[in-house]
Amino acid sequence: QVRLVESGGGLVPAGGSLRLSCAASGSFSSINAMGWYRQAPGKQRESVASITKSGISNYANSVKGRFTISRDNAKNTVYLQMNNLNAEDTAIYYCNCFANSDGVLRIYWGQGTQVTVSS
């Protein structure tokens, strides 16, 4: 089993920045891709950014140029640096990962962290 714990959310004014962190712990042999999703009130969960184990990243068009995803494989941690935030970025942010546990590759999710951008 893999446990993901997010941190770093909060209230920030428009134009501000936040850095989210997500640390994986538990019993696993490897972690492959990691990523961030978000869900705004009344909307479906959407992908924000993802990063492979080798560091190749992808971003949603809405955050390109403002958000940066990175990871520290030694710490099993993924980060999301969010700059120039706007009200549309308000959502619960969830991290996920694909991890190999007991010989099976599964997807795991964190509990989420609230990001609120005040306009």
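Mentor: Let's start with a definition: a disulfide is counted here when two cysteine sulfur atoms lie within 2.5 Å of each other. Keep in mind that this is a predicted model.

Trainee: Okay, how many disulfides does that rule give?

Mentor: The count comes to one disulfide. Cys22 and Cys95 are joined, with an S to S distance of 1.8 Å.

Trainee: Where do Cys22 and Cys95 sit in the chain?

Mentor: Cys22 is in strand 3, residues 18–26, and Cys95 is in strand 9. The two are 73 residues apart, and the pair links distant parts of the chain.

Trainee: Is Cys22 buried or exposed? And what about Cys95?

Mentor: Cys22 counts as buried, at 0% relative accessibility. Cys95 is buried too, with 0% relative accessibility.

Trainee: I also see Cys97. Why is there no bond from the sulfur of Cys97?

Mentor: Distance is the reason: the closest cysteine sulfur, in Cys22, is 7.2 Å from that of Cys97, which is too far for a bond. The cut-off for a disulfide is 2.5 Å. Cys97 is buried, with a relative accessible area of 0%.

Trainee: Got it. Switching to charges, how many salt bridges are there?

Mentor: The count is three salt bridges. Arg38, Glu46, Arg66 and Asp89 are linked in a network of them.

Trainee: Nice, walk me through the network. Which side chains does Arg38 meet?

Mentor: One is Glu46, at 2.7 Å from N to O. Another is Asp89, where the N to O distance is 2.9 Å. Arg38 lies in strand 4, residues 30–39, while Asp89 is in the loop between strand 8 and strand 9 (91–101), so this pair ties together parts that are 51 residues apart in sequence.

Trainee: And what does Arg66 do there?

Mentor: Arg66 forms a salt bridge with Asp89, with the closest N and O atoms 2.7 Å apart. That pair also links distant parts of the chain: Arg66 is in the loop between strand 6 (57–59) and strand 7, and 23 residues separate it from Asp89.

Trainee: How about solvent? Is Arg38 buried or exposed?

Mentor: Arg38 is buried, with a relative accessible area of 6%. Asp89 counts as buried as well, at 1%, and so does Arg66, at 14%. Glu46 is partly exposed, with 36%.

Trainee: Back to strand 4 for a second. Which residue of strand 9 stands opposite Arg38?

Mentor: That is Tyr93. Strand 4 and strand 9 pair in the antiparallel sense over eight bridges.

Trainee: How many bridges are there between strand 4 and strand 5?

Mentor: Five, and the pairing is antiparallel, with strand 5 covering residues 46–51. As an example, Gly35 has Ser50 in strand 5 as its bridge partner.

Trainee: What does Gly42 do in the hairpin of strand 4 and strand 5?

Mentor: Gly42 takes a positive phi near 75°. The hairpin has six residues between the strands.

Trainee: New topic: in what order do the four strands of the open sheet come?

Mentor: The order is 1-3-8-7, with antiparallel pairing. Strand 1 (2–7) and strand 7 (67–72) are the edge strands, and each pairs on one side only. The twist averages 15° from one strand to the next.

Trainee: Remind me, what holds paired strands together in general?

Mentor: Strands of a sheet pair through backbone hydrogen bonds, and the pairing can be parallel or antiparallel.

Trainee: Fine. How many bridges join strand 7 to strand 8?

Mentor: Six, and these two strands run antiparallel, with strand 8 at residues 77–82. Within strand 8, Met82 is the residue opposite Phe67.

Trainee: Last one, the surface. Which residues form the nonpolar patch?

Mentor: The patch is formed by Phe98, Leu105, Ile107 and Trp109, and together they have about 350 Å² of accessible area.

Trainee: Which strand gives the most to the patch?

Mentor: Strand 10, residues 104–109, gives the most, with three residues. Phe98 has its place in strand 9, and it counts as partly exposed at 36% relative accessibility.

Note on methods
Residues are numbered from 1 along each chain as its sequence is written. This is a predicted model: local features need pLDDT of at least 70, side-chain atom pairs count only at pLDDT 80 or more; totals for chains, interfaces and linings use all residues. Side-chain values use heavy atoms; hydrogens and water are left out. Two strands pair if DSSP finds at least two bridges between them. Axes are lines fitted to C-alpha atoms, for helices over the stretch in contact, and angles run from 0 to 180 degrees between N-to-C directions. A salt bridge is a side-chain nitrogen of Lys or Arg within 4 Å of a carboxyl oxygen of Asp or Glu. Buried means under 20% relative accessible area, exposed over 50%, partly exposed in between (1.4 Å probe, protein chains only). Patches are made of residues with over 30% relative accessible area and no salt bridge: like charges are joined within 9 Å, nonpolar side chains (Val, Leu, Ile, Met, Phe, Trp, Tyr) within 5 Å. Accessible areas come from the Shrake-Rupley method with a 1.4 Å probe; for residues, only the protein chains shown count as cover.
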